Amino acid sequence: MTPPTTDPTLADLARRATAHRDRPAYGHDALISCDRLVRVFSADGVEVQALQGLDLLVREGELMALVGASGSGKSTLMNILAGLDTPTAGAARVADHDLLAMTAKDRLRYRREVVGFVWQQTSRNLLPYLTAAQNVALPMQLSGTRVRRRDRAARALELLDMLQVADCRDHRPHQMSGGQQQRVAIAVALANDPSVVLADEPTGELDSHTAEQVFTAFRTANERLGTTVVIVTHDQAVAGEVRRTVAIRDGRTSTEVLRRSEVDAETGHERMVSREYAMLDRAGRLQLPAEYTEALGMRDRVALDLQPDHIAVRPDDSRQAEDGRGGNGTV
Ligand code: ADP
Ligand code: MG
């Protein structure tokens, strides 16, 4: 039997192999890259797989949100990116630092100079006995770089001013509102001019109006200083304001939504359009959003069709096809 004509020739295969070799490595131009990241916790003999092969790339200068149900692995990921925890397997790099291969000394420097973080509990972000200005100056004082005291104070004030909390500079945390404390916390996170600011549910304890102000502060930092910002949030309003939202499900990134503004051809008004994306992993696996599959009653097997410019995914139609062919009527 002659092979089907669609079989690749040796020349085809050689061409493909060359193309593959010339393709840049995964995440080579990303500021944050997580490649099949795994984190397994064992507690009392029970293993919990908090991250199950998570892939994520974040470009320099992005402002993005991570969303997902409670227990999906968001904080585990943030703790790893913050240099507070180490993954069980996989690869994670942030600004050219290999998070699996840092010495204790590297790790300390990484936490002081490469990343800044803002946690949900306002009390975890600021020292209670220092004023706002002193809290912001402290990381500069602790970092190896010898910034003069006067310059530290000036930079602290500049940051507080940029985030619209300059009036709190001489206040201790208990004299500030929750929203003011979080904005001061962002200034603390920015003190040493980090590559990335990570925030784990920073507006979780705030009402929606205050949350909005805190979010504006993250956006200001991103736009004015170019700092890359990754925010874990439950807040749909916050998730709705960033260009990119990545969903985490069962310890993996599942789908993501990208938004961009577009001018409506009819009205001439600018409007935001969003589009849902999914990550295709190396094995070709793809997770479809539950709303999509449920809307069409898809489960188990689905039918695939390769089209010139897309792949169609349809509910399994093999049963009808067989019935249509006039099977013998048994189930
Ligand atoms: P999220 O922040 O999305 O709510 P987490 O990352 O906190 O989720 O947790 C993911 C899973 O890992 C959960 O099942 C949680 O119970 C478990 N987990 C997180 N931290 C630990 C730990 N230190 N020890 C044992 N299990 C943990
Ligand atoms: Mg969490």
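In this predicted model, an oxygen atom of ligand 1 lies 3.1 Å from a polar backbone atom of Gly73, and an oxygen atom of the ligand is likewise found 3.2 Å from a polar backbone atom of Ser72. A side chain takes part as well, since an N or O atom in the side chain of Ser75 is 2.9 Å from an oxygen atom of ligand 1. Considered on its own, ligand 1 exposes 560 Å², and the protein buries 60% of that area.

The shell in which these contacts sit consists of Phe41, Val48, Ala50, Ala69, Ser70, Gly71, Ser72, Gly73, Lys74, Ser75 and Thr76. Sorted by character, the residues of this shell comprise six polar, four nonpolar and one charged. Two elements, β2 (46–58) and α2 (74–81), each contribute at least two residues to the surroundings of ligand 1, and of the elements it is α2 that gives the most, with three residues.

Turning from the ligand to the empty space in the protein, the largest pocket has a volume of about 920 Å³. Its lining is made up of 23 residues, and those nearest the centre of the pocket are Ala278, Leu286, Leu288, Ile311 and Val313. The elements that supply two or more residues to this lining are β11 (270–278), α10 (290–295), β12 (302–306) and β13 (311–315), with the largest share, four residues, coming from β11. In composition, the lining of the largest pocket divides into 13 nonpolar, six charged and four polar residues.

Where does the largest pocket lie with respect to the domains? The domain assignment of the chain gives a domain 1 in several segments, 59–89 + 102–263 + 270–278, and a domain 2 covering 297–323. Both domain 1 and domain 2 give residues to the lining of the largest pocket, and the pocket therefore lies between them. The C-alpha centres of domain 1 and domain 2, for their part, are 43 Å apart.

Taken together, the description covers two sites: the surroundings of ligand 1, to which α2 gives the most residues, and the largest pocket, in whose lining β11 has the largest share.

How values were computed: Residues numbered from 1 in each chain as written. Chains lettered and ligands numbered in written order. Predicted model: local features only at pLDDT ≥ 70, side-chain atom pairs only at ≥ 80, totals over all residues. Heavy atoms only, no water. Near = heavy atom within 4 Å. Polar contact = N/O pair within 3.5 Å; in protein donor to acceptor, adjacent residues only side chain to side chain. Areas by Shrake-Rupley, 256 points an atom, 1.4 Å probe, with all protein chains shown as cover. Nonpolar A, V, L, I, M, F, W, Y, C, P; charged D, E, K, R; others polar. 1 Å grid on protein atoms, 1.4 Å probe; cavity = no way out; pocket = protein on both sides within 12 Å on 5 of 7 lines; lining within 4 Å. Points joined across faces, edges and corners; volume = space filled by probe spheres on them. Domains from an automatic or database assignment.
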